[in-house]
Amino acid sequence: MLIIDDYLPIEEWIQFNQNEHWEERHRNTWFDCHKEPNNFYEYLSIKVWDMWNEDHKYGCKGYEYWTHIFEENNRLHWHQDKDEYAYRVNNELIHPVMGCILYGEHNDLEGGYLEVQNSDQQIERFEPTPNRLIIFDASKPHRCSEIHAGKRKLWACNLWDVKINSIEDKNQFNKIFGKEPE
């Protein structure tokens, strides 16, 4: 686990928090490791994982990123990040190499902690501090605790050593999963 506060420099922090990035929620967007970035989130994917280990690209197939905005009375239940398509269609459990989250700007947030269950069944709890980057083993059970007030914004990105099926099209998602994407 790696936690870095004030991760983005001020210019990038301002860009990260622009409304245009949050108005259109990104859902499980795939970005190949060996391509040039086309948007800020793809740039950020490269930045984070190069900082974590610049040699990661030798085994990297891609990055999967998305955004979440949770409001009062929301929570994200215990889960493990996985190739959702492979799990739903073939019952295969394929996990990313690592996962990360970067918290966006928020005011008056109460709750919304990242909770990660370690191998001893102990729960580690992390405050959703703006501009805090947390890199963790996303195959371990984790969740977002209940939000009592405010909005919690985050960008998340998983590093993959296998190519996964990205489900960006809402109709395709509904056809496969029979529900709205979370």
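In the predicted model, Glu 115 stands opposite Arg 143 of strand E10. The two strands concerned, E7 (residues 114-117) and E10 (residues 142-144), pair in the antiparallel sense over three bridges. They belong to an open sheet of four strands, arranged in the order E4-E10-E7-E8 with antiparallel pairing. Strand E4 (76-79) and strand E8 (123-126) form the edges of this sheet, each pairing on one side only. From one strand to the next, the twist averages 15°.

Glu 115 also takes part in side-chain contacts with neighbouring elements of this sheet. A salt bridge joins Glu 115 to Arg 143, with the closest N and O atoms 2.5 Å apart. Because Glu 115 lies in strand E7 and Arg 143 in strand E10, the pair ties together parts that are 28 residues apart in sequence. A salt bridge also joins Glu 115 to Arg 125, and here the closest N and O atoms are 2.8 Å apart. Arg 125 lies in strand E8 and Glu 115 in strand E7, so this pair ties together parts that are 10 residues apart in sequence. Glu 115, Arg 125 and Arg 143 are thus linked in a network of salt bridges. Glu 115 is buried, with a relative accessible area of 6%, whereas Arg 143 is partly exposed, at 22%.

The count of salt bridges in the model comes to five. One of them is formed by the side chains of Lys 82 and Glu 84, with an N to O distance of 3.4 Å. Lys 82 has a relative accessible area of 14% and is buried; Glu 84 has a relative accessible area of 27% and is partly exposed. Asp 83 is found in the loop between E4 and helix H4 (84-90). At 5% relative accessibility, Asp 83 counts as buried. The C-alpha atoms of Asp 83 and Trp 160 are 9.6 Å apart in space, although the two residues are 77 apart in sequence.

Strand E5 (residues 98-103) is mostly covered, with six of its six residues buried. In a regular strand the side chains alternate between the two faces of the sheet. In E5, Met 98, Cys 100 and Leu 102 point one way, Gly 99, Ile 101 and Tyr 103 point the other way, and all are buried. Strand E5 has antiparallel partners in strands E12 and E9. With strand E12 (residues 152-160), the pairing runs over six bridges, and Ile 101 stands opposite Ala 156 of E12. With strand E9 (residues 133-136), the pairing runs over four bridges, and the bridge partner of Cys 100 in E9 is Ile 135.

The model contains one disulfide, which joins Cys 33 to Cys 60 with an S to S distance of 1.5 Å. Cys 33 lies in the loop between strand E2 (29-32) and helix H3 (40-52), and Cys 60 lies in the loop between H3 and strand E3 (62-70), so the pair ties together parts that are 27 residues apart in sequence. Both Cys 33 and Cys 60 are buried. Cys 100, by contrast, is in no disulfide, and the nearest cysteine sulfur, that of Cys 157, is 5.0 Å away. Cys 157 is likewise in no disulfide, its nearest cysteine sulfur being that of Cys 100. The 5.0 Å separation of Cys 100 and Cys 157 does not meet the criterion for a disulfide, because the two sulfur atoms would have to lie within 2.5 Å. Cys 100 is buried, with a relative accessible area of 1%, and Cys 157 is buried, with a relative accessible area of 0%.

At the surface, Leu 2, Met 51, Trp 52 and Val 97 make a nonpolar patch of about 290 Å². Leu 2 is found in strand E1 (residues 2-4). At 31% relative accessibility, Leu 2 counts as partly exposed.

Note on methods: Residues numbered from 1 in each chain as written. Predicted model: local features only at pLDDT ≥ 70, side-chain atom pairs only at ≥ 80, totals over all residues. Heavy atoms only, no water. Buried < 20%, exposed > 50% of the residue type's maximum accessible area, 1.4 Å probe, protein only. Pairing = 2+ DSSP bridges. Axes fitted to C-alpha atoms, helices over the stretch in contact; angles between N-to-C directions. Salt bridge = Lys/Arg side-chain N within 4 Å of Asp/Glu carboxyl O. Patch = residues over 30% accessible without salt bridge, like charges linked within 9 Å, V, L, I, M, F, W, Y side chains within 5 Å. Areas by Shrake-Rupley, 256 points an atom, 1.4 Å probe, with all protein chains shown as cover.
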